[in-house]
Amino acid sequence: MRYQDELQAAAGAEGRISRRLLLAGSAAGLAGSAAGRPTRGALLAFQNDPFRLGVASGDPDQNSVVLWTRLAPRPLDADGGMDPGDVAVRWEIAEDEGLRRVVRSGTTTAAGSAGHTVHVEARGLRPDRWYWYRFRAGNAESPVGRTRTLPAPEAAVQQLRFAFASCQHFETGLYTAYRQMAADDLDLVCFLGDYIYEGPGSNRGIRRHVGPKLRTVEEYRVRYSQYREDPLLHGMHARCPWFVTWDDHEFENNYAADISERPEVDPAEFLKHRAAAYQAYYEMMPLRRSAIPRGPDMRLYRKASFGRLAEFLVLDTRQYRTDQPNGDRPSDLNEAALNRRNTLLGARQRRWLEESLAGSPATWNILAQQVMMALVDRDPSPERRYSMDQWPSAAAERMALLRFMEENRISNPVVLTGDIHTNWVNDLRVDDRKPEQSVVATEFVGTSISSGGNGTARPNNLDRLLADNPCVRFHNGERGYVRCTVSPESWRSDYVVVEDVLRPGGRVRTRASYVVEAGRPGAKPA
Ligand code: FE
Ligand code: CA
């Protein structure tokens, strides 16, 4: 199937889209102009479906969840095809797929100042159950999304199934992974960053970004909309709630707080651009009001309990970090890398993380975060070289965090990671260079959904890499995501790969599965 055909098939026939315009015929007459813009007033008449970006939900707790959509009849226009004014949007959430048993509903505002995005915190829901929701604006009705609340924090939960994913460069690969993920019957998804890439359109990929290198909030909105218009991506958002965090490409490659990788960039100017990037990120993600940015700042780190089974600690290792040492070039763990002032978390988030870990009653304590925590030397030369954009760049903070987990007997810490576009299973010790130390935690690193195009099942340097880095238990270079099945007794991670992301319908395989038994740190092949 051609990719365009696949998009069409996934979106449903044209007829289904136009049927969502409930009063399309008469409304078109009312709208008058041929511009496809809605008229305001009692009846808003869209000529084009304003719900082309689908619906999404996120950040559930035991009795509420965020419902999201955006009105954008022309998603690739700077204004989304909307007049600047605010639009009233109806929402409803029900206990059944047919939306007959509606339990909450209301009217909210799609504000022009927020790119006509909609964030509803639907409250008063029951713990640990599935719900279905949809929106209406004028004559248009959104697709139905499915979401769920979390079990009460004290509930004795027997199972959690979720996936984590990262890095979905639109130009370098298709989102075939989400077709499989949608069939996996998951409770939730964690997205660990690089949801978009900020670069200008390039002719080298299989699809092309609209627009220049992103700078303004309008440009960021168009980029997110181009990604989200992909039915495999918005289809997965409609399947279950997501917990999202960002990495660097939601703003700029390898940035650190207010410091650009290009030394000529003025930090004040850089923060103006960061404000635009963060604003668009908030607008386009199913996030709570507590995440609304203030200027260039946005509180994204947060936590969620899946009963007593699992505690999710979602981290932000970009906004508060210190500049990459050693000029951001791979380096030994020298004095600059070991400087105690280096941080990926910042003092406040670090304190919050340690307090949260110490106070958590959960069996599994999950750090959902961006960059690799294991100290892995990927350099083929005899010298030891570590990435200065990952945790080795704040080696003292990293070792202190692992030591904190060990000394406080934090229950089953598991670190989930994206960024690196390859799959890894790593044992984490206070110092990973010393295999005689005891294993404190397990790190599961998920590959990219599409970034980098097709990869390879067995990277060239695999044997040397495994010999040089005893903390690495598994490494693979294909595209895909990681599916996790968690019980009070064990954790299983399935490394799901897509063999070809350059053509539609790429074959999907589970390449490897690793298990951690509760109370016994260290991953083993399943
Ligand atoms: Fe990436
Ligand atoms: Ca990254």
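Start by selecting Asp248, which is buried at a relative accessible area of 1%. The model on screen is a predicted one.

**Calcium site**

Asp248 leads to the calcium ion (ligand 2), whose protein donors are Asp194 (OD), Asp247 (OD), Asp248 (OD) and Asp419 (OD), at 2.3 to 2.6 Å. Along the chain these donor residues follow the spacing D-x52-D-D-x170-D. Asp194 sits in the loop between strand S10 (188–191) and helix H5 (217–228), while Asp248 sits in the loop between strand S11 (242–244) and helix H7 (267–284), so the pair ties together parts that are 54 residues apart in sequence. Asp194 has a relative accessibility of 1% and counts as buried.

**Iron site**

Keep Asp194 selected and add the iron ion (ligand 1). Asp194 bridges the iron ion (ligand 1) and the calcium ion (ligand 2), and the two ions lie 3.8 Å apart. Which protein atoms are the donors of the iron ion (ligand 1)? They are Cys167 (SG), Asp194 (OD), Tyr197 (OH) and His421 (NE2), at 2.0 to 2.5 Å from the ion.

Measure the angles around the iron ion (ligand 1): the four donor atoms subtend 85 to 165 degrees, and the arrangement is therefore irregular. A tetrahedral assignment would need all angles between 85 and 135 degrees. The donor spacing in sequence is C-x26-D-x2-Y-x223-H. Cys167 belongs to the loop between strand S9 (160–165) and helix H4 (176–183), and His421 to the loop between strand S15 (413–417) and strand S16 (423–428), so this pair ties together parts that are 254 residues apart in sequence. Cys167 is buried, with a relative accessible area of 0%, whereas His421 is partly exposed at 23%.

**Helix H5**

Next select H5, the helix that follows the loop holding Asp194. Its end C-alpha atoms are 16 Å apart, in agreement with the 16 Å that 12 residues should span at 1.5 Å a residue. Is H5 mostly covered or mostly open? Mostly covered: 10 of its 12 residues are buried. Among them are Val217, Tyr220, Arg221, Val222 and Arg223. Show the surroundings as well: the buried residues of H5 pack against strand S1 (55–58), strand S2 (65–70), helix H6 (231–237) and H7.

**His116**

Move to His116, in the loop between strand S4 (102–110) and strand S5 (117–122). His116 counts as buried, at 4% relative accessibility. Two backbone oxygens are worth displaying here. That of Gly85 lies 2.6 Å from a polar atom of the His116 side chain, and that of Asp83 lies 3.3 Å from a polar atom of the same side chain. Leaving aside neighbours within four places in sequence, the contacts of His116 include Thr69, Arg70, Leu71, Met82, Pro84 and Val87.

**Two positive phi angles**

Most residues other than glycine have a negative phi. Select Asp128, in the loop between S5 and strand S6 (130–137). The phi of Asp128 is positive, near 55 degrees. Asp128 is partly exposed, with a relative accessible area of 41%.

Then select Ala257, in the loop between S11 and H7. The phi of Ala257 is also positive, near 55 degrees. Ala257 counts as buried, at 11% relative accessibility.

**Met372**

Go on to Met372, in the loop between strand S14 (364–368) and helix H10 (395–407). Met372 is buried, with a relative accessible area of 1%. The C-alpha atoms of Met372 and Leu416 are 8.7 Å apart, although the two residues are separated by 44 residues along the chain. Not counting residues up to four places away in sequence, Met372 touches residues including Gln390, Trp391, Pro392, Ile420, Trp424 and Glu443.

**Cysteines**

Finish with the cysteine sulfurs. How many disulfides are there? The count is zero, with a disulfide taken as a pair of cysteine sulfur atoms within 2.5 Å. For Cys190, the nearest cysteine sulfur is that of Cys484, 8.3 Å away. Cys190 counts as buried, at 1% relative accessibility.

Select Cys471 last. Its closest cysteine sulfur is also in Cys484, at 19 Å, which is too far for a bond. Cys471 counts as buried, at 1% relative accessibility.

Notes:
Residues are numbered from 1 along each chain as its sequence is written. Chains are lettered from A and ligands numbered from 1 in the order in which they are written. This is a predicted model: local features need pLDDT of at least 70, side-chain atom pairs count only at pLDDT 80 or more; totals for chains, interfaces and linings use all residues. Side-chain values use heavy atoms; hydrogens and water are left out. Buried means under 20% relative accessible area, exposed over 50%, partly exposed in between (1.4 Å probe, protein chains only). Donors are N, O and S atoms within 2.8 Å of the metal (3.2 Å for Na, K and Ca); water is not among the atoms, so sites may look incomplete. Helices (H or I, at least four residues) and strands (E, at least two) are DSSP runs, numbered from the N terminus. The expected span of a helix is 1.5 Å times one less than its number of residues. Contact means heavy atoms within 4.5 Å. A polar contact is a pair of N or O atoms within 3.5 Å; within protein, one must be able to donate a hydrogen and the other to accept it, and residues adjacent in sequence count only if both atoms are side-chain atoms. Four donors count as tetrahedral if all angles lie between 85 and 135 degrees; four count as square planar and six as octahedral if opposite donors are over 155 degrees apart and all others between 65 and 115; anything else is irregular.
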